[in-house]
Structure formats: C-alpha cells, structure tokens
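Opening the notebook on a new model today. I'd like to go through it piece by piece and jot down what I find.

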Number of protein chains: 2
Amino acid sequence: MQVVSDPLAFRGACDEIRARGQRLGLVPTMGALHDGHASLVRAARQKSDVVAITIFVNPTQFGPNEDYARYPRTLDADVAIGRAAGAELVFAPSTDAMYPAGEETRVVPGATAGPFCGAYRPGHFPGVATIVAKLFNLAGPCVAAFGKKDYQQLRVLQRLVTDLFFPIELLPVPTMREPDGVAMSSRNRYLSPADRANARAIPLGLSAAHRAFTSGERRASALTSLVRSRVEPIATSIDYVDIADADTLRTYGPDDTIAERAVLALALRVAGARLIDNVVLGEDPSPIAEAL
Amino acid sequence: MQVVSDPLAFRGACDEIRARGQRLGLVPTMGALHDGHASLVRAARQKSDVVAITIFVNPTQFGPNEDYARYPRTLDADVAIGRAAGAELVFAPSTDAMYPAGEETRVVPGATAGPFCGAYRPGHFPGVATIVAKLFNLAGPCVAAFGKKDYQQLRVLQRLVTDLFFPIELLPVPTMREPDGVAMSSRNRYLSPADRANARAIPLGLSAAHRAFTSGERRASALTSLVRSRVEPIATSIDYVDIADADTLRTYGPDDTIAERAVLALALRVAGARLIDNVVLGEDPSPIAEAL
C-alpha cells in the first residue's frame, strides 16, 4: 500500500498505473472509514485493476457551525481498512495542498443541489463538487465509487460528470447498514450508546414507507408521515423528511401523488450528530430486513 | 482535416490521437478565425503533435444585450484557416450538444474574474470557465493555447487549470496586430472603414503608456490618462481603462504607484463594436512598432 500526501506525487502514481495499461478506480472519502467505505473499494475494484482511496476532510463542504474541526481523523486505521478491502494507493493531502493560497475557482452544481441537504447546508455541494473535480483531474480514474447513502451527493456528482464531460464512470454503491438497519456513517461514532440504539427508528420509518409504497401508497404526505411518526420521538431536531424525483431531485409537495421513481430522504439531529438516510421507493430493498 | 460535431465523436478522435502516443494541442475558439487564431494553432503545434480547434459560439458567456445572435459564424472559412495553420481536427458542436436539457453545473472563477470585463459582463467568465472545462474534459489535451489579447480570460483560465488540477499546460500567445497596431479581433468586422481607421487610437494610447512606463512613470492615473486622452475622441463609450497586477488582477487605484508587473487593459465601444486590448507594462512590446 502506497500512501502519498503530495498532489503531484499522487498524480505521478496514477499516471504510472495508467501507463501500465491498468484501469484506475477512485474512492474519494473523508476518512474515518467503515465497512460502507470498504464496499466502495470492492465495487470500484470490480470495475478496475487498481483502486486508489483519497482521504481528505474537505473544509469547503462544511458550514461555519458544522463539525469540520471535530470530524474524526483516523489515518492509520483508514489505511488498514483500505488495504484489507483491496486498495493499493491512498492519497491523504493537507488542506493547503488542495486549497493553496490564491486558489479561488469553484464548481457549482445547479438545481439538483437545491432541495434536501442543499437547502440546509448552502455551501456544501459546491464544496463537494469542487473537491471531487480536483481529485478527478489529479487521478484521472476510469471509474469512481460513491455511496447511495449520500444520495443527493451522488446525483450532484452524476450531473457534474455528465455536464462537464468528465471521462469517468460513476458507480453508485448501495448503502451498507448495521444489523439493526442503521446506515453506516462516520458520524455514528458521535452517538451515545442510547442514542445509537434509538437511531433504529430511522430505518424503521424508511421501511414503513417502503412497505406502504410497495402496497400502493402514492400520496407523498402519507409516506413522509410514516417516517416522521417514527423519527420525531428520537430526534433532537429534523431538517427534512421529503420525497423527490429520484433523478432530478425535484421535490414533491405534501399533496402530490408520486408518479415516477422517487427517493424519500431525511436529515435529522440526534444530540450532536446530524444523520441522513434515504430509500429509493420501489427500487432499494427495505432498510430493515423484514420477515417474508 | 477531420471536422466533427458530436462530442463523443470528438472525444473518440482525441482518444485515438493519444492512443498513437501523440501529444494533443487544443485551440478553443468561437470561430470567425483570423491570423490571431492561426498564431494560436502554430503555438500549440510547436508543443504538440496534433492540433484540434474547437469552434463554438458559447451562449453562456454572452450577456442578454450582447452580440451572441450576430456573432459571425463562418465555419467553412474557419476550417480552411485552421488547416492552413496546421490543425488536423475541428470540433464544431451544436449548442444542444454542449448544453443539453438538464445541464446545470457551472465552473465559477473567483477574484481574478472580478475587475475589468468581469465587472461589466457578470456571467461572462463563469460561461468561459464552464465551456473550457467541458472542452478540456472532452479532448484531454496536453497543451491549450489562448491569446493574450483576452488577458483576463487567460488569467482566469490559468487559475482554472491550477485550482482544479487540470493536467494541461496553458500557452499564452502574444496578441497579433494589424499593420497599424490594432489588435486582431473577430469583432473588428463590425467596424465601418472609418471606425476601423479610428481604432488606431487604441494601440497608440497603449503605446504611449508603454513608453511612459519604460521611461519610469509609475503613477497609475498618469498612465491611464495617456490612454484615455487618445481613445476618448473615438469611443462611443468606455467601459474601463484600468491597471492591475499582471498575475492576480488586483486593480490599482488612480493614486496608486505601480510596484509589480502590471497590465493596462481597456474595453470601449466604437459604434456597435465592443473592443478590448491591453499591454503588460514593461513586458510586452509596444502595440505600435516605434522608430528606435
């Protein structure tokens, strides 16, 4: 496993991989790796010969009152997890290397970044799109893997790739969940044991909506109410529980009837942790394994 | 000479060039080619094996009251000029091909795009940066040539390449001028013969400032006044005659003393034509060939 911090050394290592005629797969992360990230590495590896992980807590995607400073930084453990999952290269740059003095260009998504988290974290998706464009240009991968847990991020980045003609295939990777259905997240480690147990209400709510949709329920408000009734008792606050077109992320109003593929997504706080999750209705499996 | 209009056909042609082990040079243009563009092709050819010209009148870099609709479209003549200058590939896409329905991602420059034309054409440089990022990703060139006549565009794109780590070398190419010193421009064809003759005041003014700077004048207002006094009689209106740091484009106030490499730039209207020009004080040759 090669670990580099200098951007041009990373580019050089990627150039060598391509010069050998090998396909490069990229897994951009903020570190604090868990099994969800390992599944991204495995997915990328299936579509490439060599997988590189990038580990960078990207300041431009955090708002002023968010958890940038306390976001977990666990490089040694991350390298071990990446190696075990099959990655051969890790890029872990400094902030100054990715945002040197004078740096100023931004990549700004459009309407796809508007609803959901985009409405609550105004600079988040421009920050994500900018850092991902930088990493794409440094690495020049054939494929890049992103998790469906960050569903809106995935859609924003699919637009980035399509709109700017990046010659890269994006791999959407299904959300990895704990045995009780809670989506794996680096931020779960902010939760107390009691809060972590309570978080099970999130996949239970999503599963209830998933089940109702499968049974024919198409009223947006009925589906979101099934989620809200379960998560309200355990949430310190709720940013949103909303349904949107699964491709464009145009949101449905409460009185709308869902016509197309739709994603039901939520963001809420449990004590100091902001948790997100989602289910693509009629497409994803239920977030909770259910008895047949 | 190969002429393609489909983006993926263009990418395929560029992929073939690289697959042969050849270096690709790119010359992005809006068409209406003249000898200035030919010099870009020759400069790119000196740094590459095969040169591709792109010809696309990019709608996102025009404001609502600008000359997008009437901008000259002369594809057949452009192909001939490109071929004569040594280009082997022309990409001339439709607007829908570069901006298909649903397209929404933008590349947005920072402070470098603030002064000069950025202050008078608010969406111009985001439009330029976005289309250039698209073309870079489609072509994947080693080098790309841009003229110093569009000095601010050049600086904005140098920031784009540096900030987003595009693996591309930008070639700044000196401004080509007519025998009387007027900078070559596709928009010169908007000028009546009388206005075209009057336009000689622009390089005369820049030359006067250039000469004064060489003689030791460092007061910003004194240098810009030398230009203004010559262009005011021939301009319908003047957007700006300003001096800025040649790298960052931080502008000097009228009472400032120029300490570093500086660019003196102007934009003005002569009848219906908006003309721009500039000189890098102490670096460029005089815009008017002067007797020794």
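**Entry 1: a helix and its sheet.** This is a predicted model, and I began in chain B with helix α10 (residues 220–231), which lies across β8 and β9 of chain B. I looked up its direction too: α10(B) runs at about 150 degrees to β8(B).

Next I asked myself in what order the strands of this sheet come. I found an open sheet of three strands, β8-β9-β10 of chain B, with antiparallel pairing. Its edge strands, β8 (237–245) and β10 (273–281) of chain B, each pair on one side only. From one strand to the next, the twist averages 10 degrees.

I then checked one pairing in detail. β8(B) and β9(B) (residues 262–270) are joined in the antiparallel sense over eight bridges. For Y240(B), I noted A267(B) as the bridge partner in β9(B).

**Entry 2: two domains.** Over to chain A, which is divided into domain 1 (2–173) and domain 2 (186–281). Their C-alpha centres lie 26 Å apart. I see 13 residues of domain 1 of chain A in contact with 15 residues of domain 2 of chain A. On the domain 1 side, α5 (116–120) and α7 (151–163) of chain A each supply at least two residues. By class, that side has eight nonpolar, three polar and two charged residues.

**Entry 3: the two copies.** How does chain B map onto chain A? A rotation of 180 degrees with 0.0 Å of shift along its axis does it, at an RMSD of 0.0 Å. I noted this as the relation of a two-fold axis. In chain B, V107(B) has the C-alpha nearest the axis, 2.2 Å from it. Both copies use the same surface, as 100% of the contact residues of chain B recur in chain A.

Technical notes:
Residues numbered from 1 in each chain as written. Chains lettered and ligands numbered in written order. Predicted model: local features only at pLDDT ≥ 70, side-chain atom pairs only at ≥ 80, totals over all residues. Domains from an automatic or database assignment. Contact = placed C-beta atoms within 7 Å. Helix = DSSP H or I, 4+ residues; strand = E, 2+ residues; numbered from the N terminus. Nonpolar A, V, L, I, M, F, W, Y, C, P; charged D, E, K, R; others polar. Least-squares fit on C-alpha atoms with pLDDT ≥ 70 in both. Pairing = 2+ DSSP bridges. Axes fitted to C-alpha atoms, helices over the stretch in contact; angles between N-to-C directions.
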